[in-house]
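Open the structure in your viewer and follow the stops below in order, selecting the named residues as you go. Each stop says what to pick and what can be found there.

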Amino acid sequence: MSTNASDPLAALGDLPGVTDAVDAVRKAVDRVYGHRVMRRRSNEVTSEAALRGARASAALSGADWALEEVRRRSDFGGEEEARTVGAALRLTAEAGQLLSIWRQSPLRVLARLHLVAEGGAVPDETVGRPRLAGEKVDEPLIEAPLPDADEVAGRLEGLSGLVIAGSSAPALVMAAVVHGELLALRPFSSSNGLVARTAERIVLVGSGLDPKSICPAEVGHAELGRTAYMEAFEGYLSGTAEGMGAWIAHCGRAVELGVRESTAVCEALQRGAA
């Protein structure tokens, strides 16, 4: 990362491929916000983006359900996949309520997200707080080395400090770093992938890049596929300029694909088919 202590994220915007990714995301977002449907029916687009984003995030956590099944179901208890889909839906609904808190207390928001994700599915003493030494993590689809509890605590404080201090780095860069760091740390006993992707959404919305939350990056991450997702994440874990740039660019492509999804929703609404 940058050696600029006052803004350690700033230099990430100049990494190979990142400037192009940032420009491409901004142009894509501007286009969908300029769609004529957004003038009067933006709330419908937001609701549909939330549903599709939640479905996609659940798919990345191992519950790859068809969109219509997610739309149809009302009971998300019972089997593990149903609980994962339910958690993703709850997190997406909760994200919009936490935007004003994020910049002041990101750790409080992360704790709340874990609490919402779990919904009482794990022992109370592990919910809503970073894991302690010796506590296990149930995140079987992420196989990267697991930092110990002391490292998690220190890096969470560092991440919190970055968010609170703010940065001149583009919103995409901040969102990708928050997402990648939470995946790397897996600070909670479970649901870390779901929480990380929800935090990415919060950054993109709260930064003003996607104020109506109509550009679901989760859709893009799922469309690009788990293999590409994990390969890009390996770049983040490497800490190298090339690897970090590749991860940020991957997140940018995911946002672009989320924009494409919502553009299709706008077109369907315009035709009266959604």
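Select Y229 first, and note that in this predicted model Y229 is a buried residue, because its relative accessible area is 2%. Now add W247, which is buried too, with a relative accessible area of 1%. How far apart are the centres of the rings of Y229 and W247, and at what angle do their planes lie? The centres are 6.1 Å apart and the planes stand at 45°, so the pair is described as tilted. Colour helix α11 (residues 226-238), where Y229 lies, and helix α12 (residues 241-271), where W247 lies, and you will see that the pair ties together parts that are 18 residues apart in sequence. Extend the selection to F233 and Y236, which form one aromatic cluster with Y229 and W247. Over the whole structure, a search finds 4 aromatic pairs.

Next, move to helix α8 (residues 171-185) and pick L182, which has its place there. Is L182 buried or exposed? L182 counts as buried, because its relative accessibility is 2%, and the cut-off for buried is under 20%. If you leave out residues up to four places away in sequence, the residues that L182 touches are L110, L156, L159, P187, A196 and A199. For a sense of distance, draw a line from the C-alpha atom of L182 to that of R112: the two are 70 residues apart along the chain, and the line should read 15 Å.

Keep α8 on screen and add helix α7 (residues 149-165), which packs against α8 at an angle of about 170°, with the two axes 11 Å apart. The angle makes α7 roughly antiparallel to α8. To display the contact itself, select V152, R155, L156, L159, L162 and V163 on α7, together with M174, V178, E181, L182, A184 and L185 on α8. Coloured by class, this contact shows 10 nonpolar residues, 2 charged residues and no polar ones.

From there, go to helix α6 (residues 106-118), whose 13 residues should span 18 Å at 1.5 Å a residue; the end C-alpha atoms are 18 Å apart, which agrees. Which residues of α6 are buried? They are P106, V109, L110, A111, L113, H114, V116, A117 and E118. Show the surroundings as well, since what covers these buried residues of α6 includes α4, α5 (99-102), α7, α8 and α9. Just after α6, stop at G119, which takes a positive phi of about 55°.

Then choose helix α9 (residues 192-206), whose 15 residues should span 21 Å at 1.5 Å a residue, and whose end C-alpha atoms, at 21 Å apart, agree with that. How many of the 15 residues of α9 are buried? The count is 14, and α9 is therefore described as mostly covered. Following α9 you will come to G208, whose phi is positive, near 95°.

For the last stop, select T84, which is found in helix α4 (residues 80-95). T84 is buried, with a relative accessible area of 14%. Leaving aside its neighbours within four places in sequence, show the residues in contact with T84, which are A58, S61, A63 and L194.

Definitions and conventions. Residues are numbered from 1 along each chain as its sequence is written. This is a predicted model: local features need pLDDT of at least 70, side-chain atom pairs count only at pLDDT 80 or more; totals for chains, interfaces and linings use all residues. Side-chain values use heavy atoms; hydrogens and water are left out. Helices (H or I, at least four residues) and strands (E, at least two) are DSSP runs, numbered from the N terminus. Buried means under 20% relative accessible area, exposed over 50%, partly exposed in between (1.4 Å probe, protein chains only). Contact means heavy atoms within 4.5 Å. Axes are lines fitted to C-alpha atoms, for helices over the stretch in contact, and angles run from 0 to 180 degrees between N-to-C directions. Angles under 35 degrees count as roughly parallel, over 145 as roughly antiparallel, 65 to 115 as roughly perpendicular and the rest as oblique. Ala, Val, Leu, Ile, Met, Phe, Trp, Tyr, Cys and Pro count as nonpolar, Asp, Glu, Lys and Arg as charged, and the others, Gly among them, as polar. Rings of Phe, Tyr and Trp (its six-membered ring) pair if their centres lie within 6.5 Å; planes under 30 degrees apart count as stacked, over 60 as edge-to-face and the rest as tilted. The expected span of a helix is 1.5 Å times one less than its number of residues.
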